[in-house]
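Dear colleague,

I am passing on the structure we spoke about, with the sequence alongside. Below it you will find my notes on what turned up, which I hope you will read with the model open.

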Amino acid sequence: MRPAAFITGITGMVVVTGLLLAGEARLGGGTAGEETASAEETATAPAGAASDADEGAAISDDRAEMIARSTEPAASPSPAPGDGVTSRPADVPQQAETAGGQAASPATKKPMELARPAVENAGILSFGERRLQLAGIVPTPVDRICGPAARKWPCGMMAKTALRLLLRNRSVACDLETVEWKDTVATACRLGTEDLGAWLAENGWAEAAVGSPLTAAAEKARQAGKGLYGDDPRRH
């Protein structure tokens with residue numbers, strides 16, 4: 001073989017090898033670029049995905065309560081009036097309260113001073129057109145007559161006089177709901193500490209009402225012959 005032909009062959013092989021290397025380099029560069037792009041996309045993808053995930057998680061949290069409520073049984077409607085269901089009232093103090101926060105209570109009687117009572121009979125005091133009947137006794141009518149046929153005497157008038165002499169136009173304290181009462185009211189009245197009804201029963205000037213606590217006192221006066229059960233005091 002000639003030297004020139006050998007050199008030409010070697011040169012051709014070198015050229016071919018160079019071309020192959022250059023092509024391989026181009027192919028490697030493209031793959032690397034693609035790999036770089038893929039790496040960049042991979043690097044940036046988690047940020048976007050994380051943002052979407054965070055947004056999705058926030059939405060899920062906001063809707064969690066709504067979803068939980070939607071799975072609960074529907075609340076039973078409040079019974080309408082007339083359904084026969086009695087609702088339990090809220091815990092409050094035992095007594096029914098008024099607007100002021102206190103329990104309403106019935107009116108109670110209080111001692112009230114009344115001036116110059118007139119004695120209508122042994123058991124009833126009058127204040128103009130209004131009257132107070134002493135509690136616990138049966139008022140003695142003014143026209144009542146006592147004693148046997150041969151010794152009758154006006155015990156009703158004497159009983160009235162005895163009560164009038166006790167009072168002597170002095171003020172009395174009577175248990176009332178109001179000083180503006182009307183017509184006739186039965187109540188207890190006192191002259192100082194002396195209960196007028198008890199005084200009449202103990203001295204025999206009035207009979208005790210049925211079931212009255214003054215029954216024993218009135219019976220004791222009857223047995224002792226006091227007042228209505230005795231003789232005409234004018235003869236003594």
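I begin with D183, which at 58% relative accessibility counts as exposed. D183 is found in the loop between β6 and β7, and its phi is near 60 degrees, a positive value in a residue other than glycine. Most residues other than glycine have a negative phi. A second residue of this kind is R168, which has a positive phi of about 50 degrees although it is not a glycine. R168 is placed in the loop between α2 and β6 and is likewise exposed, with a relative accessible area of 58%.

Please keep in mind that this is a predicted model, and that the confidence varies along the chain. The mean pLDDT is 73, with 55% of the residues reaching 70 or more. Among the elements of the chain, helix α3 (residues 196–202) has the highest mean pLDDT, at 98, while helix α1 (residues 3–71) has the lowest, at 50. Over residues 29–106 the pLDDT is below 50, and beyond near neighbours in sequence this stretch has 9 contacts in the model. Where pLDDT is low, the predicted coordinates should not be read in detail.

As for the overall layout, the secondary structure comes to 4 helices and 10 strands, which follow one another along the sequence in the pattern α-β-β-β-β-β-α-β-β-β-β-α-β-α. Of the 236 residues in the chain, 22% are buried. If one takes the contacts with a separation of 6 or more, residues 24 or more positions apart account for 58% of them.

One open sheet is made by 4 strands in the order β1-β6-β8-β9, with antiparallel pairing. Strands β1 (110–114) and β9 (194–195) stand at the edges, each with a single partner strand, so one side of each is left without a neighbour in the sheet. Within the sheet, β6 and strand β8 (residues 189–191) pair in the antiparallel sense over 2 bridges, and A173 stands opposite R190 in β8.

The loop that holds D183 also carries W181, which takes part in the 1 aromatic pair that the structure holds. Its partner is F127, and the pair is edge-to-face, with 5.9 Å from centre to centre and 85 degrees between the planes. Because F127 lies in strand β3 (residues 124–127) and W181 in the loop between β6 (172–176) and β7 (184–187), the pair ties together parts that are 54 residues apart in sequence. Both partners fall under the 20% limit for a buried residue, F127 with a relative accessible area of 14% and W181 at 6%. The ring of W181 has a further partner in R130, whose charged end sits over that ring, 4.1 Å from its centre.

What lies at the centre of the largest nonpolar core, in terms of contacts inside it? This core has 34 residues, and those with the most contacts inside it are L125, L196, L200 and W205. The elements giving two or more residues to the core are β1, β3, β4 (130–134), α2, β6, β8 and α3, and the largest share, 7 residues, comes from α2. Leaving aside neighbours within four places in sequence, L200 is in contact with A122, G123, L134, I137, L163, W205 and A206.

Two alanines of helix α2 may be worth a look in the viewer. A159 lies in helix α2 (residues 155–167) and is buried, with a relative accessible area of 0%. Not counting neighbours within four places in sequence, A159 is in contact with A122, T140, W205 and L228. The C-alpha atoms of A159 and N121, which are 38 residues apart along the chain, are separated by 7.4 Å. A162 lies in helix α2 as well and is buried, with a relative accessible area of 16%. Setting aside residues up to four places away in sequence, A162 touches W199 and W205, while its C-alpha atom is separated by 9.8 Å from that of N121, 41 residues apart along the chain.

With best wishes

Notes. Residues numbered from 1 in each chain as written. Predicted model: local features only at pLDDT ≥ 70, side-chain atom pairs only at ≥ 80, totals over all residues. Heavy atoms only, no water. Phe/Tyr/Trp six-rings, centres within 6.5 Å; stacked < 30°, edge-to-face > 60°. Buried < 20%, exposed > 50% of the residue type's maximum accessible area, 1.4 Å probe, protein only. Lys NZ or Arg CZ within 6 Å of the ring centre and 35° of its normal. Pairing = 2+ DSSP bridges. Contact = heavy atoms within 4.5 Å. pLDDT = per-residue confidence, 0-100. Core = buried A, V, L, I, M, F, W, Y, C linked by side-chain atoms within 4.5 Å.
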